[in-house]
Amino acid sequence: MDYRENEQEAAFRKRVHDWLAENAPRNWQEEASDEKAAGRITRAWHRKLYEAGFIGLSWPEEYGGRNLGPTFEAILNDELGKADTPRISFHNYLGRAIFAFGTEEQKRRFLPTMLSGEVQWCQGFSEPNAGSDLASLRTFAELRGDTYVVNGQKMWTSGALNADWCLLLVRTDRDVPKHKGITCLLTSIRAPGIDVRPIRISDGAPETCEVFLDEVKIPADQRVGDPGAGWRIAMTVLSFERGPADIGMIATYDTALRKIEDLAKARGVAGQPEVRKALARAYVHGEALRLNVVEQLSQRSAGRMPGPEGSVARLLLTEAQQYINHLELEVMGADAFNGRATGTFNSYIRSRTISIFGGTSEIQKNILANQVLGMPR
Ligand SMILES: Cc1cc2nc3c(=O)[nH]c(=O)nc-3n(C[C@H](O)[C@H](O)[C@H](O)COP(=O)(O)OP(=O)(O)OC[C@H]3O[C@@H](n4cnc5c(N)ncnc54)[C@H](O)[C@@H]3O)c2cc1C
């Protein structure tokens, strides 16, 4: 395994770096005053990256991609993380469902606009009583002629407020074992009968939503895969749900850690033994994460699809991120709570959700125990 970038990759990094120096949006955090404004900024930034040829680097050319290896995506994400740009649509991994299981017509219809950012997607999997136990989902779709009629409720559908389409898991058969009666449908989020209600999570941001479905009509040609294939599709999608390499986590983490070090110096606590120890530990977390990211990238470059061992990356990412958010809180002391450093407090609160979405940390450990270590259930 050679972790060094080859000539082509190094040239690509330089091209991205130079382009970002000219084009990266500035002060976008202040302009993203509410969820709608944040949505507009994300869309515009996605479009700009797409027009510059930086989106869909590892996707096939016939669907709007560039046919490059996964390291190019990682380099792009790394540079985006360093430049602290807005995070572009984080749902492109949903395209894997259409790419792997969709018809040729569905691929041509949905993938290019997903990559270009014209059409934004959200993931309608979880329900009030189906999160870790996703296979218990109850939203029901009845096939009437060539139309599915859907009734039920989705929960925690992130980005639904600004999305155009939703990849939906529904039950189509109640008489078979629960994993086998699930089907995957694609629907416009503005189809009649769909009601999106924002949920304000602990830091006040309405980034996730409840989605109510009342007699929603979905043409049968918007079904992905066979009836009953929904579970397999969901597992494929979840295995691609963005890992640390995809979100430029290392660069973002390094920047955040340096900021905490500067804060510690400015507040005169950088020399305290417990702060020094905590900072050292934070660097060790970052290094473990970085090594795991390059190992994963090397696997993907060798053509291996992500598998259950992806849960290791997910756990490392969660622990590292939550650790430094907690450290920042300690460095800021009372100011994190008295309104002088609300950013620190909000980031800390937000970091607590990382161990829940995309499968909780307990579920990641179950996956590792059962599917990687082969331990009994
Ligand atoms: C901010 C945020 C964004 C989200 N975005 C989306 C989205 O876009 N689309 C979507 O479909 N979903 C989304 N989710 C939902 C997320 O996937 C679920 O919240 C998650 O899977 C946990 O399900 P639950 O909330 O029903 O908790 P539960 O499954 O009820 O779990 C409660 C607790 O019990 C533990 N637990 C449950 N089962 C086991 C077990 N077998 N072994 C050990 N411990 C167990 C869990 O780890 C957890 O601590 C989001 C959630 C959050 C918080």
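**Exercise 1.** Is Val 170 buried, partly exposed or exposed? Determine also where Val 170 is placed and which residues Val 170 contacts.

*Solution.* The structure is a predicted model.

Step 1. Locate the residue: Val 170 belongs to strand β4, which covers residues 165-171.

Step 2. Read the relative accessible area, which is 0% for Val 170. A residue counts as buried under 20%, and therefore Val 170 is buried.

Step 3. List the contacts, leaving aside neighbours within four places in sequence. Val 170 is then in contact with Leu 137, Thr 139, Ala 141, Val 150, Gly 181, Ile 182, Thr 183 and Leu 185.

Step 4. Consider a separation along the chain. Lys 154 is 16 residues apart from Val 170, and their C-alpha atoms are separated by 9.8 Å.

**Exercise 2.** Classify Thr 344 and Ser 239 by accessibility, and place each in its helix.

*Solution.*

Step 1. Thr 344 is part of helix α11, residues 342-351. Its relative accessible area is 7%, so Thr 344 is buried.

Step 2. With neighbours within four places in sequence set aside, the contacts of Thr 344 are Glu 328, Leu 329, Met 332 and Ala 336.

Step 3. Ser 239 lies in helix α7, residues 230-240. The class "partly exposed" lies between the limits of 20% and 50%; Ser 239 has a relative accessibility of 28% and is therefore partly exposed.

Step 4. Ser 239 and Arg 96 are 143 residues apart along the chain, yet a distance of 9.9 Å separates their C-alpha atoms.

**Exercise 3.** Examine the phi angles of Asp 84 and Glu 215, and state the element in which each residue is found.

*Solution.*

Step 1. Recall the general expectation: most residues other than glycine have a negative phi.

Step 2. Asp 84 has a positive phi, near 50°, and is not a glycine. Its place is the loop between α4 (70-83) and α5 (95-101).

Step 3. Glu 215 is likewise not a glycine, and its phi is positive at about 55°. This residue sits in strand β7, residues 208-219.

Step 4. Compare the accessibility values with the classes. The relative accessible area is 43% for Asp 84, so Asp 84 is partly exposed. For Glu 215 the value is 36%, so Glu 215 is partly exposed.

**Exercise 4.** How many cavities of 30 Å³ or more are counted, and which residues line the largest cavity?

*Solution.*

Step 1. The count gives one cavity of 30 Å³ or more.

Step 2. The volume of the largest cavity is about 40 Å³.

Step 3. The lining of the largest cavity is formed by Thr 103, Glu 105, Gln 106, Arg 109, Phe 110 and Asp 221.

Step 4. Sorted by class, this lining contains three charged residues, two polar residues and one nonpolar residue.

**Exercise 5.** Which residues come nearest to the ligand, and what lies across from its nitrogen atoms in the polar contacts?

*Solution.*

Step 1. There are 16 residues around the ligand, and those that come nearest are Ser 132, Trp 156, Ser 158, Thr 360 and Glu 362.

Step 2. Begin with the backbone: a polar backbone atom of Gln 123 is 2.8 Å from a nitrogen atom of the ligand.

Step 3. Turn to the side chains. An N or O atom in the side chain of Ser 158 is 2.7 Å from a ligand nitrogen atom. For Asn 366, a side-chain N or O atom is 3.0 Å from a nitrogen atom of the ligand.

Notes:
Residues are numbered from 1 along each chain as its sequence is written. This is a predicted model: local features need pLDDT of at least 70, side-chain atom pairs count only at pLDDT 80 or more; totals for chains, interfaces and linings use all residues. Side-chain values use heavy atoms; hydrogens and water are left out. Helices (H or I, at least four residues) and strands (E, at least two) are DSSP runs, numbered from the N terminus. Buried means under 20% relative accessible area, exposed over 50%, partly exposed in between (1.4 Å probe, protein chains only). Contact means heavy atoms within 4.5 Å. On a 1 Å grid over the protein atoms alone, a cavity is a set of points where a 1.4 Å probe fits but cannot get out, and a pocket is an open set with protein on both sides within 12 Å along at least five of seven lines; lining residues have an atom within 4 Å of a point. Grid points are joined across faces, edges and corners, and a volume is the space filled by probe spheres set on the points. Ala, Val, Leu, Ile, Met, Phe, Trp, Tyr, Cys and Pro count as nonpolar, Asp, Glu, Lys and Arg as charged, and the others, Gly among them, as polar. A residue is near a molecule or strand if one of its heavy atoms lies within 4 Å of it. A polar contact is a pair of N or O atoms within 3.5 Å; within protein, one must be able to donate a hydrogen and the other to accept it, and residues adjacent in sequence count only if both atoms are side-chain atoms.
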